[in-house]
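Biologist: I'm new to this one and would rather see one part properly than everything in a hurry. Could you pick a single stretch and take me through what surrounds it?

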Amino acid sequence: MNPYLTIATRAARLAGRVILRNLPRLERIKVERKGHNDFVTAVDREAERVIVDTLAGAYPQHGFLAEESGASGDGGEWRWVIDPLDGTTNFIHGYPQFAVSIALQRRGKIAAAVVLDPLRDEIFTAARGEGAYRNDRRLRVSRALTLEQSLIATGFPHSAGAHLEEFLALMRALLPRCHSLRRAGAAALDMAHVASGQLDGFWEMGLQPWDMAAGALLVEEAGGRLADFDGSENFLNTGSVVCGTPEVFQQLLTVIQNARDG
């Protein structure tokens, strides 16, 4: 395995143990509100600490961008992008859809990615130019050719005000045009499921880099395509992303762009 993936996988599994160990005692876990519909728990922070300690121990010269602790270290051309518990709201309620997400950037380009689903013991990995895998089995996006036959995932805007009207307009445009829509609440897993062919496409707005960095490389290395809503590759900065099989991606992007223009 790629050496970066080896250490990232180790870090993700250690964080997964932290999450699973705390799952049976949810009622005793302290929950803090960071913003509207945006929460953090002691489990998020402990999982993040385990990840950062593991990665920094192996690569002390690298920098970090983590959801709870922010940016740290002067990594030069190397930076780890970390979401220790993607789907915190699901976790708080015991809803079984959350993940650990770790990506490595080199000169701003995603070079390696790990997404762990600790409940299903599924680990999704990718290294640039080396393909995407789920538990060591090579991944390919689905064979879906049309939006009408596609199962598409999305996510609701965190803030009740930000992006709400735009989101509703996009929902109205997409619902009649795709087979069905799903909202599970963990963007990293949604993108991993696009890479594995369980979903045919995904779109969301208002995301942070740690929500989608790892998932983006998984999709790309599995043969999918992705962009922001303007069709550029600037999604980590704009916070808006659309991805899917090559054919579904283009149709999904067209519907989104037309709805935004109209």
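Modeller: Let's begin with a term: strands here are DSSP runs of E with at least two residues, helices are runs of H or I with at least four, and both are numbered from the N terminus. Two strands count as paired when DSSP finds at least two bridges between them. One caution: this is a predicted model, where local features need pLDDT of at least 70 and side-chain atom pairs count only at pLDDT 80 or more, while totals for chains, interfaces and linings use all residues. Residues are numbered from 1 along each chain as its sequence is written, and side-chain values use heavy atoms, with hydrogens and water left out.

My pick is strand 7, which spans 109–117. On one side, strand 7 pairs with strand 6, running antiparallel to it over seven bridges. In that pairing, V100 sits opposite L116 of strand 7. Just two residues separate the strands of this hairpin, and R107 takes a positive phi near 55°.

Strand 7 also pairs with strand 8, again antiparallel, through six bridges. Here V115 faces F124 of strand 8. Four residues lie between these two strands in their hairpin, and in the turn D121 has a positive phi of about 50°.

So how enclosed is strand 7? Seven of its nine residues are buried (under 20% relative accessible area, with over 50% called exposed and partly exposed in between, using a 1.4 Å probe and protein chains only), so the rest of the structure largely encloses it.

That brings in the largest nonpolar core, a set of buried Ala, Val, Leu, Ile, Met, Phe, Trp, Tyr and Cys residues joined through side-chain atoms within 4.5 Å. This core holds 38 residues, and V115 is among those with the most contacts inside it, along with M191, F202, L218, L226 and V241. At least two core residues come from each of strands 6, 7 and 8, helices 5, 6 and 7, and strand 15. Helix 6 gives the largest share, eight residues.

For a view from inside that core, take M191. Beyond its neighbours within four places in sequence, M191 is in contact (heavy atoms within 4.5 Å) with residues including F202, M212, L226 and V241. There is also a second, separate core of 33 residues, with V18, V52, I102 and L104 among them.
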